Structure formats: structure tokens, C-alpha cells
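Trainee: I would like a close look at one part of this model, the surroundings of the bound molecule. After that, please place that part in the rest of the chain.

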Amino acid sequence: MYIFGPVPSRRLGLSLGVDPLASKSCNLNCVYCELGRSFKLTSERKLFVETDFIITELKQFFEKGGITDYVTISGSGEPTLALNLGELITEIKKITDKPLAVITNGVLLTDPQVRLELMNADVVMPSMDAFTPATYIKVNRPHGSIKMEKVIEGLRAFASEYKGRIWLEIMVVSGMNDSDNDMFEAKKVLDTIPNIEKIQINTVVRSRAEEYADPVKDLRLRELAMILGPRAEVIGKFTGSTIHTIDGIEDAMLEALKRRPMTAKDFEDAMGLKKIEIEMALGKLVQGGFVEKNHFSGMDFFKYSK
Ligand code: SF4
């Protein structure tokens, strides 16, 4: 399956995920990645999944009465690596008037073709976690061909061309990019890109690629947001509507867990089902060996077990 969810998103409410990659492909290897390490970094764009396959699944979702706040192209890695990204956005727009978001690490915004393909999205959500080359290498561990300065140039070019909304995310990791100085460096750059509507400060809340990638406390996140100014906000808890699942509960949960770890409470908040129903479904998935339970930051996370 190439669509998943809808899943509760702290930034979008209910988000129906579209995965144009099918398995992890990325040009970065972020220490906090909830998909685990990127074993083979790639910066080459290619066709991973035919557009028709994805569109067929999406049509079925809407025909069966599926409800979502956003359709979000994200999934198993960096979606701009998909050569059919532009075509996919055009085709999705033909079948739904739900706003379409694209989550990206921003690296390929250096490519004019990628910028062009993103023009029809309603929201583009690039991440930029570091504003000095040394921190970029430490936190994001990029493919050797990628230079932080070029990524910022790409972001600047995109912001000057794009007419939709840009919500930039800074993922903050304890001891790595959470100093006042880190945020002053970010502010220096971001103040020169006024078309970014929001700067969203986030931290590690799920399992991550490296054990040492620890979350930053809420109060500190607020202090960092204050340094960045009025466009900055700290990403809070999910506050969306409820998911209306289209198929079996367990299938819907499994597809969501293939893309990111979730807690039982995440499902409860999102699916409009009773706690006991969620727990039973998760129990079956764990027993069947499809899903494993991990404890992180005081919470139990369920993770797809490959
Ligand atoms: S967090 Fe995103 S950009 Fe970073 S390695 Fe994971 S998929 Fe790639």
C-alpha cells in the first residue's frame, strides 16, 4: 500500500499519508530519524512507485468515505527523490479538494525542476535543523555531495518563487542544536526569508536512529522559539478530528506503523475508537510479530517490525 492513515499529525491535524518511495530512501541520515538509519544515502531522483498505483488507492479511500484534513506526501524518506512528484501532485489535485502538503528535508530545493514540481502544493514543509555546516553534518549526516550553504540557497530560491504556504520545521536535539547560539544562527538566516509563514520548533518524540538523540524539554523549546521571533511556534499535541477508517482497524494501524512509530494514545486520539478496541488490535499485531513495543521517553511506542 502506498497510502497510510490518516494519522494524527501535530502539524496538520489528520493527515492522509502518501508514500511515493515504498522503502526508506533519503539523502540525509538524521540522528533523530524515526525510520532508523539510512544505510545507503542516495541523491538520485528516480521512479519508485508508478503514479497510477498511488492514485488508485487514493480514489478508493475517498470513494469509501475516508475523511482527512490534509493529503500529505511524505512517507519512507525524502519524497522529492521521486521523479513523479510533480505528476503525483497534479493527479491528486484532480481527485480531491483537500489541501495537499509536502514534507521535505529541503535538500533538493536546489534543483529548479523540483521547485517547479512543488508549485501546485498548498503547503510545503521543509526542515532545516542546522545553520552552521558543522552542526548540519552532526545532526543530519548528509550525502557527501550536499553542502548546507547550497541547501539554504535552494530554500531561499523556492521561497521567492512559491505562492503557497511554507512552514519550516527545526527539529531540536538535546546538546546538538539547542543552544542560544544555534538559534541566533538560524534567526540570522531566516530573517532574510520573509516568505516563510511559520517556523515550527519540534523535538524527538518517537524512537530515533541514534540512542543519543534525546528530546529537549518543553520550556527550552519555548525559549528557543522566543529567540526566533513571532513566526516561531512550538509544536504541541495532536488536536485534529477523528479518523474514519475504511478497512480493517488492524490493516489501517499497520500501514500507519510502517511509516512511523505511534503510541496507543495516538491511535485513540485519531481513530474515534474505544481504548479497549485499540489495545486489542495492537495486542494482536504484537502477538502476530507484525509490530514490536518499545519504551521511550516514558511512553510505549509501537513500531512496525520488518
Ligand atoms: S528524518 Fe527525514 S530527512 Fe532525516 S533521514 Fe529520516 S527521512 Fe531522511
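Trainee: Which residues surround the ligand?

Mentor: The model is predicted, and everything below is computed from its atoms. The residues around the ligand are C26, L28, N29, C30, C33, L35, S38, G77, E78 and N105. Sorted by class, this shell consists of 5 nonpolar, 4 polar and 1 charged residues.

From the ligand, turn to the core. The largest nonpolar core has 86 residues, and the members that touch the most others are I3, Y32, A101, V102, V172, V173 and I201. The biggest contribution to this core comes from helix α5 (residues 148-161), which supplies 5 residues. Take I3 as an example of the contacts. Leaving aside residues up to four places away in sequence, I3 touches L16, G17, V18, I54, E57, L58 and F61.

I3 also opens strand β1, which spans residues 3-9 and includes P6. The peptide bond between G5 and P6 is cis, with omega at about 10°. In general, most peptide bonds are trans. G5 has a distant partner in sequence: A270 is 265 residues away along the chain, yet the two C-alpha atoms are 9.5 Å apart. A270 belongs to helix α9 (residues 264-271). A270 counts as buried because 26 other C-beta atoms lie within 10 Å of its own, and the cut-off for buried is 20 or more.

Two of the core residues named above lead on to the strands: V172 is in the core and falls within β6 (residues 165-172), while I201 is in the core and falls within β7 (residues 198-203). β6 and β7 run parallel and are joined by 6 bridges. Across this pairing, L168 faces I199 in β7. The connection passes through helix α6 (residues 180-190), and β6, α6 and β7 together make a right-handed β-α-β unit. β7 then pairs with strand β8 (residues 232-234), again in the parallel sense, over 3 bridges. Here Q200 stands opposite E233 in β8. Helix α7 (residues 218-228) sits between these two strands in the chain, and β7, α7 and β8 form a right-handed β-α-β unit.

Two backbone details remain. R141 has a positive phi of about 40° although it is not a glycine. Most residues other than glycine have a negative phi. R141 is in the loop between α4 (133-140) and α5. R141 is classed as partly exposed because 18 C-beta neighbours lie inside 10 Å, a count between the limits of 12 and 20.

The other detail is in a hairpin. Strand β9 (residues 291-296) holds H295 and runs antiparallel to strand β10 (residues 299-304), with 6 bridges joining them. K293 is opposite F302 in β10. β9 and β10 form a hairpin with 2 residues between them, and S297 in the turn has a positive phi of about 55°. H295 is exposed because its C-beta atom has 9 others within 10 Å, and 12 or fewer is the cut-off. The C-alpha atoms of H295 and L21 are separated by 28 Å, with their positions 274 residues apart along the chain.

Note on methods
Residues are numbered from 1 along each chain as its sequence is written. This is a predicted model: local features need pLDDT of at least 70, side-chain atom pairs count only at pLDDT 80 or more; totals for chains, interfaces and linings use all residues. A nonpolar core is a set of buried Ala, Val, Leu, Ile, Met, Phe, Trp, Tyr and Cys residues joined through C-beta atoms within 7 Å. Helices (H or I, at least four residues) and strands (E, at least two) are DSSP runs, numbered from the N terminus. Two residues are in contact if their C-beta atoms, placed from the backbone, lie within 7 Å. Two strands pair if DSSP finds at least two bridges between them. A crossover is right-handed if, with the strands pointing away from the viewer, the path from the first strand over the helix to the second runs clockwise. A residue is near a molecule or strand if its C-beta atom, placed from the backbone, lies within 6 Å of it. Ala, Val, Leu, Ile, Met, Phe, Trp, Tyr, Cys and Pro count as nonpolar, Asp, Glu, Lys and Arg as charged, and the others, Gly among them, as polar.
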